[in-house]
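Here is a friendly walk through a protein chain, from its overall build down to a few single residues. Have a look at the sequence and the model first, and then read on.

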Amino acid sequence: AKNWDLSSLDLIDKKIMVEPGCIKDWALAAETEAKTVKGVTQVQSASASVGIVNSYLATSNGFSAGYSRSGANISCVSISGKGVEMERDYAHEGRVYISDLPAPSTVGLLSGQRAVERFGSKKAPTGNYPVIYDERISSTLIDHFLNAINGSSIVRGSSWLRESMDGQIFSKDISIIENPLKARCFNSRPFDSEGLKTSSKAIVLDGILKTWLLDLSCGKKLDLKSTANAVRSTSSPPMPGITNITFTNGAKSKLDLMKDMGTGLVATSMIGLTINPITGDYSRGVSGFWLENGEIQYPVNECTIAGNLRDMFKTIIPANDARKHLSFSVPSLLVEGLKIAGK
């Protein structure tokens, strides 16, 4: 990597290092606002932080360079109900610049509202139904796809997508773009963890898989060039990873997708994970809201959804609610024909 422009990444907020008392005030403001929501019985935690991460890389081939990134975060976890009928939910916001951060009271209010909305949860019906992955968890579904095209999985032959290069994975109106040079974004970087220059690229274009995610080692084993996707920690060797992705925004709102779906589940939280890396068979515990005639009927928990990732990706319909500032900018996603195990 040579001649990059750090200023275009805009990763340092010169006003980030505020007084400790200011950070405490943010957390208290979030907690106070959450407690004002009718039905909130307690605030489990409220926190805030600011900081700067300084990274420097020197490699055996002579590369030597570094960069810095600032960050500010606010989070709040609220609880509704009492005893065995308690429900918990959260809200979190993080930005590179303090000036881009929402008001702490906004974070606390959203945390409280989400916890109250989940009160009185029960199991969903068992059967085959469509599922909407809410925007705040939809990126987890796309993360399974990114893991399947990771060069280390391809080299081992342990990916259900290992024979799918240039194949149709999503519908023709869906693309996935990686942009490591996205301004004011936590995962942006001018070079990867092996000193190779990063650039924007299409991982999926018009639904077709266009590239693996490769570092030098995996690229060599596959007789391909690195895609400059190496990541590493101070205690591990480089391995393929991902920076910032943008999933195609849809034409309809989440509410429109809910109306189109009619009866089904809106998933807002997930626990546990079972994936067969060879076949793509998929199962997760979920909670969220049950819909009938496109309208929310009641909150649900203690349910499991299952399907096959290859089949699921072909049916995905995106909403238009992706948040552009996130490293994983993925909208709410409607997936057809999942198996729901509930009551």
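## Ground rules

Helices (H or I, at least four residues) and strands (E, at least two) are DSSP runs, numbered from the N terminus. With that in hand, methionine 86 can be placed in the loop between strand 2 and strand 3 (87-95).

Please keep in mind that this is a predicted model, in which local features need pLDDT of at least 70, side-chain atom pairs count only at pLDDT 80 or more, and totals for chains, interfaces and linings use all residues. Residues are numbered from 1 along each chain as its sequence is written, and side-chain values use heavy atoms, with hydrogens and water left out.

## The chain as a whole

The chain's secondary structure comes to eight helices and 16 strands. Its radius of gyration (taken over C-alpha atoms) is 21 Å, close to the 20 Å that the globule rule gives for 343 residues, so the chain is as compact as a globular protein of that length. That rule is 2.2 Å times the number of residues to the power 0.38. Along the principal axes, the C-alpha atoms fill a box of roughly 60 × 50 × 35 Å.

Of the 343 residues, 48% are buried, where buried means under 20% relative accessible area, exposed over 50%, and partly exposed in between (1.4 Å probe, protein chains only). The accessible surface comes to about 16,300 Å², and 52% of it belongs to carbon and sulfur atoms; such areas come from the Shrake-Rupley method with a 1.4 Å probe, and for residues only the protein chains shown count as cover. Taking contact as heavy atoms within 4.5 Å, residues 24 or more positions apart account for 71% of the contacts with a separation of 6 or more.

## Aromatic pairs

How many aromatic pairs does a search of the whole structure find? There are ten. Rings of Phe, Tyr and Trp (its six-membered ring) pair if their centres lie within 6.5 Å; planes under 30 degrees apart count as stacked, over 60 as edge-to-face and the rest as tilted. One pair is tyrosine 67 with phenylalanine 191: the ring centres are 5.4 Å apart and the planes lie at 80°, so this pair is edge-to-face. It links distant parts of the chain, with tyrosine 67 in strand 2 (residues 64-80) and phenylalanine 191 in the loop between strand 5 (176-178) and strand 6 (201-205), 124 residues apart. Tyrosine 67 counts as buried at 12% relative accessibility, and phenylalanine 191 is buried too, at 3%.

Phenylalanine 145 and phenylalanine 170 are also edge-to-face, because their ring centres are 5.3 Å apart and their planes are at 80°. The first of these lies in helix 4 (residues 135-148) and the second in the loop between helix 5 (151-156) and strand 5, so the pair ties together parts that are 25 residues apart in sequence. Both phenylalanine 145 and phenylalanine 170 are buried, and ring pairs join them with Trp160, Phe247 and Phe313 in a cluster.

## Charges over rings

A charge sits over a ring if NZ of Lys or CZ of Arg is within 6 Å of the ring centre and within 35 degrees of the ring normal. Lysine 122 lies over the face of tyrosine 298, 4.3 Å from the ring centre. The charged end of arginine 136 sits over the ring of tyrosine 90, at 5.6 Å from its centre.

## Core and helix 4

A nonpolar core is a set of buried Ala, Val, Leu, Ile, Met, Phe, Trp, Tyr and Cys residues joined through side-chain atoms within 4.5 Å. The largest one has 47 residues, and Tyr133, Leu141, Phe145, Phe170, Ile305 and Ile316 touch the most other members. Helix 4 gives the most to this core, with six residues. Another core lies apart from it, with 14 residues, among them Cys76, Ala91, Ile98 and Val107.

Helix 4 is mostly covered, as eleven of its 14 residues are buried, including Ile137, Leu141, Ile142 and Phe145.

## Three residues up close

Alanine 267 is in strand 11 (residues 264-275) and is buried, with a relative accessible area of 0%. Beyond four places in sequence, alanine 267 touches residues including Tyr133, Ile137 and Val286. Threonine 268 is found in strand 11 and counts as buried at 8% relative accessibility.

Is methionine 86 buried or partly exposed? At 39% relative accessibility, methionine 86 counts as partly exposed. Leaving aside neighbours within four places in sequence, methionine 86 is in contact with Gln42, Ile79, Ser80 and Gly81.
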